[in-house]
Amino acid sequence: MKNIPRIYINENLEVGRSFPVSRDIAHYLTRVMRTDRCLVFNYGKEFKAELSVVSCSLLVVSPTGRPDPSNNLTLAFAPVKQARMEEMLSMATQMGVKRLQPVITAFVNEHHPKWERIKKIVIEAAEQSGRNSVPELAEPQKFTEFLQGVKDLVFADERAASPRSFPDSGLALHAPRNDTIVLIGSEGGFSDAEFDALDKAGATGINLGPTILRAEVAAVVAIAKVVG
């Protein structure tokens, strides 16, 4: 089914049901892709569908049976500049992350992200990458609230790569569980108080290399380390 357009439908998909779509989607299928057939997906399932130009709707025809390649990882991230955050969350979506959790840390300098635009970018990334689900974009949490009740937290720990030369412990990462969370800081990293809180919470710090990475790169490297 390579090169068949994939469309995310925010509904409970069932064979025989029809779902209205926007004129933009109809135009994309008929004028850009020159087809009336596509794949639709949501909630981990993918179906073949056909477009009715008259009613501007998609009829769900049959399941493809293709399993969802998504994983159960959560990416927690401090908001960074809009363009870089869009890139980071697009890549995280392509890597199969299940949930996206914004966390307001001490050095956050992006206070008014365009979340609706980010949602569209995440959907586009899910359509392009062949996954059968779109990651949940959660409401932002303050750092202290985020840490409450967190059990399996992995964070990008730049201390080992910084001039402070902290001991490089905790690099042997255990196999991730279904509720594993990967936390990425802002452009300024984490404050000393936040490092202390992470250590007290039993979070696992992982070294991402000898250089200081930008947030979007750090997110990709950290996810790759965790999912293997």
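## A tour from helix α3 to the pockets

Begin by selecting helix α3, residues 115-129, which contributes four residues to the lining of the second largest pocket, the largest share of that lining. This is a predicted model, and the tour returns below to how confident the prediction is.

With α3 still highlighted, add the residues that line this second largest pocket, namely Y8, K120, I123, E124 and E127. By class, two of the lining residues are nonpolar and three are charged, while none is polar. The space in this pocket comes to about 170 Å³.

Next, keep α3 in view and bring up strands β1 and β3, since the helix lies across both of them and runs at about 145° to β1. These strands belong to an open sheet of five strands, whose order is β1-β3-β4-β5-β2 and whose pairing is mixed. Select β1 (6-8) and β2 (18-20) to find the edges of the sheet, where each strand has a single partner and so has one side left without a neighbour in the sheet. On average, and ignoring direction, neighbouring strands of this sheet are turned by 40° against each other.

Within the sheet, select β3 (residues 37-42) together with β4 (residues 45-52), an antiparallel pair joined by six bridges. Here N42 can be picked out, standing opposite K45 in β4. Then add helix α1, residues 23-32, which lies across β1, β3, β4 and β5 (57-63) and runs at about 85° to β4.

Now move to the largest pocket, which has a volume of about 310 Å³. To centre the view there, select E158, S186, I212, L213 and A218, which are the closest to the pocket's centre among the 22 residues that line it. The lining of this largest pocket divides by class into 10 nonpolar, seven polar and five charged residues.

Finally, colour the chain by pLDDT, which averages 90 along the chain, with 91% of the residues scoring at least 70. The stretch to select last is residues 162-176, where the pLDDT is below 50, although this stretch has 23 contacts in the model beyond near neighbours in sequence. Where pLDDT is low, the predicted coordinates should not be read in detail.

Key
Residues are numbered from 1 along each chain as its sequence is written. This is a predicted model: local features need pLDDT of at least 70, side-chain atom pairs count only at pLDDT 80 or more; totals for chains, interfaces and linings use all residues. Side-chain values use heavy atoms; hydrogens and water are left out. On a 1 Å grid over the protein atoms alone, a cavity is a set of points where a 1.4 Å probe fits but cannot get out, and a pocket is an open set with protein on both sides within 12 Å along at least five of seven lines; lining residues have an atom within 4 Å of a point. Grid points are joined across faces, edges and corners, and a volume is the space filled by probe spheres set on the points. Ala, Val, Leu, Ile, Met, Phe, Trp, Tyr, Cys and Pro count as nonpolar, Asp, Glu, Lys and Arg as charged, and the others, Gly among them, as polar. Helices (H or I, at least four residues) and strands (E, at least two) are DSSP runs, numbered from the N terminus. pLDDT is the predictor's confidence in each residue, from 0 to 100. Contact means heavy atoms within 4.5 Å. Two strands pair if DSSP finds at least two bridges between them. Axes are lines fitted to C-alpha atoms, for helices over the stretch in contact, and angles run from 0 to 180 degrees between N-to-C directions.
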